[in-house]
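Me: I want to go through the labels attached to this model and see what each one rests on. Let us begin with the words for exposure.

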Amino acid sequence: MVTAVSADNAAGRINGSNKMLASNFETFLTLLTTQMKNQDPLSPLDSNQFTAQLTQMAGVEQQLLTNDLLTSLLKAQAAGGLDNASNYIGKEVTAAWTATEFREGKASWAYELGASADKVNLQIVDSKGAVVWEGQGPDKGAGIHDFTWNGELKGGGKAEDGGVYTLKVSATNETGAKVDAQALIRGRVTGVEMYNGEPFLVIGDSILPLSTVISLNEIKAKAENKPDEPENPDVSNEKAAA
């Protein structure tokens with residue numbers, strides 16, 4: 001499974017690499033200087049070997065400069081992350097994300113099936129990793145389906161507002177073979193926030209990384225009647241007057 005790498009993570013790795021390269025570079029210079037000072041006058045350092053060592057030193061120095069440039073580019077990218085993510089506001093997105101908040105008596109997800117299934121098992125897990133509800137998915141056909149949990153707990157009682165819950169999905173066909181399935185969050189983006197230099201989208205009661213978005217669609221506004229057109233164009237003026 002591919003793990004998303006944020007700009008901060010990448011910058012951290014580059015900085016760590018820079019420290020190691022800088023340390024190696026200083027050590028290399030010290031060793032080369034010591035070697036030149038203590039070389040045997042009757043058997044001086046071979047010119048080809050010396051040239052090769054200088055080439056290696058130049059390569060390390062070039063790598064340090066390249067890493068500095070990459071760090072600058074990543075900082076510039078992170079600075080523009082909020083502006084770029086703001087373009088998602090007002091659009092309908094689908095994201096490979098499983099966590100959402102239980103609020104006002106409900107929590108909503110979507111789940112996707114790669115093919116039609118005979119059984120679709122849904123589990124809702126709380127922040128401590130405990131399964132608090134389990135049941136069958138309402139739809140078993142291939143594609144994306146919506147699912148809303150009313151907060152009923154398998155041990156009795158009801159979930160309290162403010163808790164964060166995760167949906168897990170597993171599915172099998174008639175022969176018992178596994179069907180590809182995944183939990184999703186989908187809805188309209190209402191805001192953007194920055195955490196650790198990475199943009200996050202606000203969708204309903206979920207806050208998820210921009211990197212998890214797998215589908216983006218524009219929400220089309222409903223057509224409005226023109227001022228000079230009647231609300232019911234199929235009804236004649238005579239009937240309307242009557």
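Reply: Buried stands for a relative accessible area under 20%, exposed for over 50%, and partly exposed for the range in between (1.4 Å probe, protein chains only). D146 has 44%, a value between the two cut-offs, so the label is partly exposed.

Me: What kind of model do these values come from?

Reply: It is a predicted model, in which local features need pLDDT of at least 70 and side-chain atom pairs count only at pLDDT 80 or more, while totals for chains, interfaces and linings use all residues. Residues are numbered from 1 along each chain as its sequence is written, and side-chain values use heavy atoms, with hydrogens and water left out.

Me: What makes D146 and R186 a salt bridge?

Reply: The term asks for a side-chain nitrogen of Lys or Arg within 4 Å of a carboxyl oxygen of Asp or Glu. In D146 and R186 the closest N and O atoms are 2.9 Å apart. That is within the limit, so the pair counts.

Me: Why can this pair be said to tie together separate parts of the chain?

Reply: D146 is in strand β6 (residues 143-149) and R186 in strand β9 (residues 181-195), so the bridge connects parts that are 40 residues apart in sequence. The strands are DSSP runs (E, at least two residues), numbered from the N terminus.

Me: Is R186 buried or exposed, or in between?

Reply: R186 has a relative accessible area of 34%. The value falls between the cut-offs, so R186 is partly exposed.

Me: How many salt bridges does a search of the whole structure find?

Reply: Three. R103 takes part in a bridge with E101, at 2.8 Å from N to O, and in another with D205, at 3.6 Å between the closest N and O atoms. Both distances are within the limit, so both pairs qualify.

Me: What makes the bridge of R103 and D205 a link between distant parts of the chain?

Reply: R103 is in the loop between β2 and β3, D205 is in the loop between β10 (198-203) and β11, and the two are 102 residues apart. D205 has a relative accessible area of 33% and R103 has 36%, so both are called partly exposed.

Me: Which residues does R103 touch, leaving aside those up to four places away in sequence?

Reply: R103 touches D161 and D205 on that count, where contact means heavy atoms within 4.5 Å. R103 also has A159 at 9.4 Å in space, C-alpha to C-alpha, with their positions 56 residues apart in sequence.

Me: Why is the pair of F102 and Y165 called edge-to-face?

Reply: Rings of Phe, Tyr and Trp (its six-membered ring) pair if their centres lie within 6.5 Å; planes under 30 degrees apart are stacked, over 60 edge-to-face, and the rest tilted. By this rule there are six aromatic pairs. In one of them, F102 and Y165, the centres are 6.4 Å apart and the planes stand at 80°, so the pair is edge-to-face. F102 lies in the loop between β2 and β3 and Y165 in strand β7 (residues 164-172), so the pair ties together parts 63 residues apart in sequence.

Me: How do you know whether F102 and Y165 are buried or exposed?

Reply: F102 has 1% relative accessibility and Y165 has 10%. Both values are under 20%, so both residues are buried.

Me: What makes Y195 and F200 an edge-to-face pair?

Reply: Their ring centres are 5.2 Å apart and the planes meet at 85°, so the distance is within the limit and the angle is over 60 degrees. F200 is buried at 14%, whereas Y195 is partly exposed at 38%.

Me: Which residues do ring pairs link into a cluster?

Reply: The cluster is made of F102, W149 and Y165.

Me: Why is T212 called buried?

Reply: T212 has a relative accessible area of 13%, which is under 20%, so the label holds. T212 sits in the loop between β11 (206-209) and β12 (213-218). Leaving out residues up to four places away in sequence, T212 touches T94, A95, A96 and W97.

Notes: Helices (H or I, at least four residues) and strands (E, at least two) are DSSP runs, numbered from the N terminus.
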